[in-house]
Amino acid sequence: MKKSKRRLFLLLLTFPLASNAIAQFNPIGTAYKLVWQDEFDQESIVDTMYWSFEEGFKRNQELQWYQKNNAGTKDGKLVITGKREQVINADYDKESSDWRKNREFAEYTSSSINTRGKYEFQYGIMEVRAKIDTAMGMWPAIWTLGVSKPWPSNGEIDVMEYYRVKGEATILANAAWADEGQYNAKWDEAKIPFSEFLKLEPEWPSKFHLWRMEWTEDVIKLYLDDELLNEVDLLRTVNPDGFNPFHQPHYILLNLAIGGNGGDPSGSVFPREYVVDYVRVYQK
């Protein structure tokens, strides 16, 4: 971490400041300690000791082609850039029924990074300070997946998702686990119309906000700017085989999807940016 940013972080722990800084988790006086962090101070590039990159078409029939070049660091922040550009699909097969293969081109690019195999944790507090892109077609997310079993049996925690629900811009805070039948999930969802945030703060999209997950053996609590959005009782989150996917380590994902639940991006001006100031994990 650069000295300037580390000094600011230490000051915040000791002297809470006004505005967004008030909402930052302060471990002083608690049993929690900072155990992992990325302040994104490594100049220009994402630290590959912490993060891996997804490549190509991945999920939800989204429009973007994930590639490493769309993620970088600038001024101590991670910047994931969504672009309107054509990329040839190297796996193209016009006869295939798989949407990942029967598209000859991708018309958009973005990045998705994750800590799988590099950093995983079970229980604790994770805090992410970020500025999300709320343009039509954008689907930014902060989430975790369990390390064992395929989805959804591994468990998914959506600390933050922003997309369109029945055409309405929405902030979501969710957890998912397995239901009967392959790839069927049970969801504990919170869906808050984005208009509610704009009523209180018209400049909300241009500012950084704090997302926090508090995860214990019994409960997952998901916060936005210190407001509790969802509380998931882990007595309920048991797969049909008896396995609880939230009683195992999870890894962290940050991505900007385009299209899919995000809506039609064709009328949006590109490039788009999803900016993350830091990711911090605290444990007892």
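## Loops, salt bridges and a pocket

Pro271 sits in the loop between E17 and E18, and a cis peptide bond, with omega of about 5 degrees, joins Phe270 to this proline. Please keep in mind that this is a predicted model. Beyond that loop, the structure offers a pocket of about 720 Å³, the largest one found, and 12 salt bridges. Here is a friendly tour, topic by topic.

**Backbone features in the loops**

- A cis peptide bond also runs from Trp151 to Pro152, where omega is near 0 degrees.
- Pro152 belongs to the loop between E10 and E11, and its partner Trp151 is among the residues nearest the centre of the largest pocket.
- Phe40 is not a glycine, yet its phi is positive, at about 55 degrees.
- You will find Phe40 in the loop between E1 and E2; this residue counts as buried because its relative accessibility is 2%, under the 20% cut-off.
- Tyr183 is another non-glycine residue with a positive phi, here about 70 degrees.
- The loop between strand E12 (168-178) and E13 holds Tyr183, and this residue is exposed because its relative accessible area is 55%, over the 50% cut-off.

**The largest pocket**

- The space in the largest pocket comes to about 720 Å³.
- Four elements each give two or more residues to its lining: strand E10 (138-146), strand E11 (156-165), strand E13 (185-193) and strand E17 (250-258).
- E10 contributes the most, with five residues.
- In total, 31 residues line the largest pocket, and those nearest its centre are Arg59, Asn60, Trp143, Trp151 and Glu156.
- Sorted by class, the lining has 13 nonpolar, 12 charged and six polar residues.

**A salt bridge between distant parts of the chain**

- Side chains of opposite charge can pair when their charged atoms come close.
- Glu39 and Arg280 form a salt bridge through their side chains, with 2.8 Å from N to O.
- This pair links distant parts of the chain, 241 residues apart: Glu39 is in the loop between strand E1 (33-38) and strand E2 (52-53), while Arg280 is in strand E18 (residues 272-283).
- Are these two partners buried or exposed? Glu39 is buried, with a relative accessibility of 4%, and Arg280 is buried as well, with a relative accessible area of 4%.

**A salt bridge network around Arg212**

- Arg212 pairs with Asp226 in a salt bridge whose closest N and O atoms are 2.9 Å apart.
- Arg212 lies in strand E14 (residues 209-215) and Asp226 in the loop between strand E15 (219-224) and strand E16 (227-233), so this salt bridge ties together parts 14 residues apart in sequence.
- Arg212 counts as buried at 8% relative accessibility, whereas Asp226 is partly exposed, with a relative accessible area of 37%.
- Glu214 joins the picture too: Arg212, Glu214 and Asp226 form one network through salt bridges that share partners.

**A salt bridge with partly exposed partners**

- Arg100 and Asp98 form a salt bridge, and 3.5 Å separates their closest N and O atoms.
- Arg100 is partly exposed at 34% relative accessibility, and Asp98 is partly exposed with a relative accessible area of 25%.

Terms used
Residues numbered from 1 in each chain as written. Predicted model: local features only at pLDDT ≥ 70, side-chain atom pairs only at ≥ 80, totals over all residues. Heavy atoms only, no water. 1 Å grid on protein atoms, 1.4 Å probe; cavity = no way out; pocket = protein on both sides within 12 Å on 5 of 7 lines; lining within 4 Å. Points joined across faces, edges and corners; volume = space filled by probe spheres on them. Nonpolar A, V, L, I, M, F, W, Y, C, P; charged D, E, K, R; others polar. Salt bridge = Lys/Arg side-chain N within 4 Å of Asp/Glu carboxyl O. Buried < 20%, exposed > 50% of the residue type's maximum accessible area, 1.4 Å probe, protein only.
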